[in-house]
Amino acid sequence: MQQIINFVIRNKNFLLYLFLLSIALGFTVQSHSYHQSRFFNSSNWVTGSIYETFNGFSTYFGLSEENAKLVEENKRLRKLLFNGRTETMASLDSTQLIYAVNTGQVVKNSYAEPRNYITINRGEKDSVLPDMGVITEKGILGIVENTSGSYASVQSILNEKSRINAKLKNTEHFGSLVWDTQRYNVVQLVDIPRLVPLTVGDTIVTGGMSSIFPGDIPIGTIQKFDLDNANSLYSIDVRLFNDMTNIKNVYIIHNNDREEILELEAATINEQ
């Protein structure tokens, strides 16, 4: 308290000046409409700037929550899309859906090795099992290979062992998606016959001929293509939509009819 009193005594002239200046400004603002308008405009600008700054902080710290909401909304919409449903059909019994969709995040990602794997933070306790498809909002990522209680390892499409059914979106011709281990943003579509018309920039999507991925999930676009005259087949370079070096949120897809399909196929093979 004594320090405050000493401060006032030391600066009494300056404090008196500020006091009188405030009174003078107050009278000036009240007696002249122009000054009054300028004062309130300045006051509104200062107040607005302060509110904008605080709003910026609150928005920044709320991004994580908003991102989680967007991921969940995308999950719902993708489930409808994969099952051929529309918004008006969303209330139908979920047990009738062929594809179930779960969300997750990448905790480890490799893309510079011949056999690359991705670890996600979903596992057996989240009903994630081997041979489930994994995608991002831009396209396919890989297939679940192994699981633990809380995590799963995903065989990336950037893996020399990877082989995924894919097709040309425009013509519906099917082939296999493989990786030559050369570039992290380019994979190859093989087994496309020479009679198929190709154009650089054409879109490649999943074929839907397996029990893992639904059809028409984006993969990438044709960057270039070469013809193997001996086999009359094209080898097509496909530039991926995904940036395989920067992946965070993923969607895990489960075909609820997969076991039934595999049992039927096995029974058919055994009868031959």
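**Exercise 1. In which strand is the place of Ile253? Work out its burial and a distant partner as well.**

Before starting, keep in mind that this is a predicted model.

Step 1: look Ile253 up along the chain; you land in strand S12, which covers residues 249-255.

Step 2: check the accessibility. Ile253 has a relative accessible area of 1%, so it is buried, the cut-off being under 20%.

Step 3: pick a partner far off in sequence. Thr103 is 150 residues away from Ile253 along the chain, yet their C-alpha atoms are separated by 9.0 Å.

**Exercise 2. Sketch the protein chain as a whole before going into detail.**

Step 1: go through the secondary structure, and you get five helices and 12 strands.

Step 2: sort the residues by burial. The protein chain has 272 residues, and 32% of them count as buried.

Step 3: turn to the surface. The chain exposes about 17,000 Å², with 55% of that supplied by carbon and sulfur atoms.

Step 4: see how far contacts reach. Taking contacts with a separation of 6 or more, 58% are between residues 24 or more positions apart.

**Exercise 3. Take the salt bridge between Lys167 and Asp216 apart, then follow it to a third residue.**

Some background helps here: side chains of opposite charge can pair when their charged atoms come close.

Step 1: get the distance. The side chains of Lys167 and Asp216 meet at 3.3 Å, N to O.

Step 2: place both ends. Lys167 belongs to strand S6 (residues 164-168), while Asp216 sits in the loop between strand S9 (203-206) and strand S10 (218-228), so this pair ties together parts that are 49 residues apart in sequence.

Step 3: compare the surroundings. Lys167 is buried at a relative accessible area of 6%, whereas Asp216 is partly exposed at 46%.

Now set up a second bridge for the same treatment. Between Asp237 and Arg183 the closest N and O atoms are 2.9 Å apart. Asp237 is in strand S11 (residues 233-240) and Arg183 in the loop between strand S7 (174-178) and strand S8 (186-193), so here the parts tied together are 54 residues apart in sequence. Asp237 is buried, with a relative accessible area of 8%, and Arg183 is partly exposed at 33%.

Step 4: look for shared partners. Salt bridges that share partners join Lys167, Glu172 and Asp216 into one network.

Step 5: characterise the third member. Glu172 is found in the loop between S6 and S7, and a relative accessible area of 41% makes it partly exposed. Glu172 also lies 9.9 Å from Val196, C-alpha to C-alpha, with their positions 24 residues apart in sequence.

Step 6: put this in context. The whole structure has seven salt bridges. One of them pairs the side chains of Lys125 and Asp126 at 3.6 Å, N to O, and Lys125 counts as exposed at 61% relative accessibility.

**Exercise 4. Which residues of the largest nonpolar core touch the most other members?**

Step 1: take the 43 residues of that core and rank them by the members they touch. Ile120, Ile140, Ile204, Phe213, Ile219, Ile236 and Val250 come out on top.

Step 2: see where the members come from. Domain 1 (45-160 + 247-256) and domain 2 (164-240) each give this core at least three residues.

Step 3: zoom in on Ile140. Not counting residues up to four places away in sequence, Ile140 touches, among others, Val134, Ile157, Leu177, Phe213, Ile219 and Asn242.

**Exercise 5. Describe the geometry of the ring pair Phe225 and Tyr234.**

As a reminder, a pair of aromatic rings is described by the distance of the centres and the angle of the planes.

Step 1: count the pairs. There are two aromatic pairs.

Step 2: read off the geometry. The ring centres of Phe225 and Tyr234 are 5.6 Å apart and the planes stand at 90 degrees, so the pair is edge-to-face.

Step 3: add the burial. Phe225 is partly exposed at 28% relative accessibility, and Tyr234 is buried at 14%.

**Exercise 6. Is Gly220 buried or exposed?**

Step 1: locate Gly220, which is in strand S10.

Step 2: read the accessibility. With 0% relative accessibility, Gly220 counts as buried.

Step 3: list what surrounds it. Leaving aside neighbours within four places in sequence, Gly220 is in contact with Asp202, Thr203, Ile204, Val238, Arg239, Leu240 and Phe241.

Step 4: add one C-alpha distance. Gly220 and Val186 are 34 residues apart along the chain, with 8.7 Å separating their C-alpha atoms.

Definitions and conventions
Residues are numbered from 1 along each chain as its sequence is written. This is a predicted model: local features need pLDDT of at least 70, side-chain atom pairs count only at pLDDT 80 or more; totals for chains, interfaces and linings use all residues. Side-chain values use heavy atoms; hydrogens and water are left out. Helices (H or I, at least four residues) and strands (E, at least two) are DSSP runs, numbered from the N terminus. Buried means under 20% relative accessible area, exposed over 50%, partly exposed in between (1.4 Å probe, protein chains only). Contact means heavy atoms within 4.5 Å. Accessible areas come from the Shrake-Rupley method with a 1.4 Å probe; for residues, only the protein chains shown count as cover. A salt bridge is a side-chain nitrogen of Lys or Arg within 4 Å of a carboxyl oxygen of Asp or Glu. A nonpolar core is a set of buried Ala, Val, Leu, Ile, Met, Phe, Trp, Tyr and Cys residues joined through side-chain atoms within 4.5 Å. Domain bounds come from an automatic or database domain assignment. Rings of Phe, Tyr and Trp (its six-membered ring) pair if their centres lie within 6.5 Å; planes under 30 degrees apart count as stacked, over 60 as edge-to-face and the rest as tilted.
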